[in-house]
There are 2 protein chains.
Amino acid sequence: MKQITFWYDFASTYSYLAALRVEEVASQHGVEVTWQPFLLGPIFGAQGWTDSPFNIYEAKGKYMWRDMARLAESFRLPFKRPDTFPQNSLLAGRVACLGQSEGWVADFTRAAYAAQFGEGRSIATADDLVPLLTGLDLDAADILARATAPDGKMALRQSTDAAIAAGVFGAPSFTTADGELFWGSDRLEQVVAWAATHGG
Amino acid sequence: MKQITFWYDFASTYSYLAALRVEEVASQHGVEVTWQPFLLGPIFGAQGWTDSPFNIYEAKGKYMWRDMARLAESFRLPFKRPDTFPQNSLLAGRVACLGQSEGWVADFTRAAYAAQFGEGRSIATADDLVPLLTGLDLDAADILARATAPDGKMALRQSTDAAIAAGVFGAPSFTTADGELFWGSDRLEQVVAWAATHGG
């Protein structure tokens with residue numbers, strides 16, 4: 001099976017577009033998707049950034065919000081800018097890591113991005129995530145307890161270490177089995193084509 | 001006539017890809033291209049950067065060089081990494097500004113990018129630019145003298161001010177008559193489609 005790994009942080013705007021589209025684009029080319037949540041914070045921190053570059057660099061941020069609105073419209077996805085940006089993505093990332101081994105990571109990820117950037121809702125707290133999990137017929141209390149236990153915390157930390165080792169410096173990113181890295185939601189078609197022709 | 005403005009700095013790697021492709025993509029959709037050289041240096045400087053972000057951020061730089069090689073291959077464009085990056089683009093930018101009113105800006109721009117990133121040559125000095133200009137049957141000595149006279153210097157400065165006013169924060173960028181900004185060589189098709197459907 002040809003495969004790509006989709007690296008995302010729940011605080012990332014462009015990852016919303018990728019998360020909502022990746023399965024459709026990949027399946028059209030017979031490519032399987034590994035959903036891999038990680039944290040951008042430590043990577044940005046190592047670059048000296050303590051906030052999103054879209055907040056640090058005003059022109060870049062102004063562009064991003066307009067660009068997101070244009071792109072969402074072109075993909076017929078709803079888009080609503082949340083009051084807070086970036087949101088704290090730590091808990092959502094830990095929860096998603098649990099979903100990797102339990103088969104619901106893709107559904108949870110799409111639900112969390114759709115809530116955040118399709119409806120402008122907060123996804124930062126346990127209270128925010130409960131309705132998303134119960135909406136997937138999952139036991140929210142059990143999942144939140146396990147996600148914040150030591151093993152749950154460790155899973156996201158290890159994923160972030162793996163992202164750094166893979167050369168990831170932004171989100172969304174994609175990697176292939178033969179070691180190629182692609183950065184940005186606008187590279188989705190390119191990475192899928194690469195995996196379809198080079199991977200396996 | 002539907003129109004886009006193509007903003008580029010001669011030091012920018014991704015602008016090479018855009019410069020070599022923009023006329024072809026635009027003409028397929030009946031869109032006219034205004035070639036607009038500017039300087040990234042003052043814009044990066046205002047963001048606190050005294051070097052290319054591809055040099056400041058190691059993972060980003062490593063990615064960019066691999067990405068450039070992949071993209072050039074996909075477009076069947078030659079690619080050779082120059083020994084020095086970024087190159088001083090001040091003189092090439094001033095020369096290109098002269099070419100705007102004299103009808104040779106596109107040819108000169110393509111020649112300079114092809115020399116720099118197709119052949120890995122220096123384009124930083126007058127000696128580097130002479131063969132490019134004479135290769136276009138232009139009077140190199142006359143052009144270099146006028147490009148470095150006060151009016152020549154002013155033209156590039158004004159263009160950079162106009163770029164900042166248009167919200168440009170990186171290169172290549174594209175703007176449309178109705179005020180949309182697109183950033184990145186990978187947005188070429190998108191901006192042309194926008195101008196073809198919205199502009200005029």
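Start with strand S3 of chain B, residues 173-176, and colour S4(B) alongside: the two pair in the antiparallel sense over 3 bridges. (Strands here are DSSP runs of E, at least two residues long, and helices are runs of H or I of at least four, both numbered from the N terminus; two strands pair if DSSP finds at least two bridges between them.) Show side chains for Ser173(B) and Trp183(B), since that is a bridge pair, with Trp183(B) on the S4(B) side.

Before going on, a note on what you have open. This is a predicted model, where local features need pLDDT of at least 70, side-chain atom pairs count only at pLDDT 80 or more, and totals for chains, interfaces and linings use all residues. Residues are numbered from 1 along each chain as its sequence is written, while chains are lettered from A and ligands numbered from 1 in the order in which they are written.

Now widen the selection to the whole sheet in chain B. You'll find an open sheet of 4 strands in the order S2-S1-S3-S4, with mixed pairing. Strands S2 (31-37) and S4 (181-183) of chain B are at the edges with a single partner strand each, so one side of each has no neighbour in the sheet.

Next, hop to chain A and pick Trp104(A). Trp104(A) sits in the loop between helix H5 (90-102) and helix H6 (105-118). Is Trp104(A) buried or exposed? Partly exposed, with 19 other C-beta atoms within 10 Å; 20 or more would make a residue buried and 12 or fewer exposed, with C-beta atoms placed from the backbone. Leaving aside neighbours within four places in sequence, Trp104(A) is in contact with Gly99(A), Leu136(A) and Leu138(A) (contact means backbone-placed C-beta atoms within 7 Å). Draw a distance from Trp104(A) to Leu136(A): their C-alpha atoms are separated by 8.3 Å, though these positions lie 32 residues apart along the chain.

Finally, show both chains. The contact takes 11 residues from chain A and 11 residues from chain B. On the chain A side, H4 (58-74) and S4 (181-183) each supply at least two residues, and H4(A) gives the largest share, 4 residues.

How do the copies relate? A turn of 180° and a shift of 0.0 Å along the axis lays chain A on chain B with an RMSD of 0.0 Å (least squares on C-alpha atoms of residues with pLDDT of at least 70 in both). That is the relation of a two-fold axis. The same surface serves both copies, with 100% of the contact residues of chain A recurring in chain B. Last stop: Asp186(A), which of the chain A residues comes closest to the rotation axis, its C-alpha at 3.9 Å.

Methods:
Contact = placed C-beta atoms within 7 Å.
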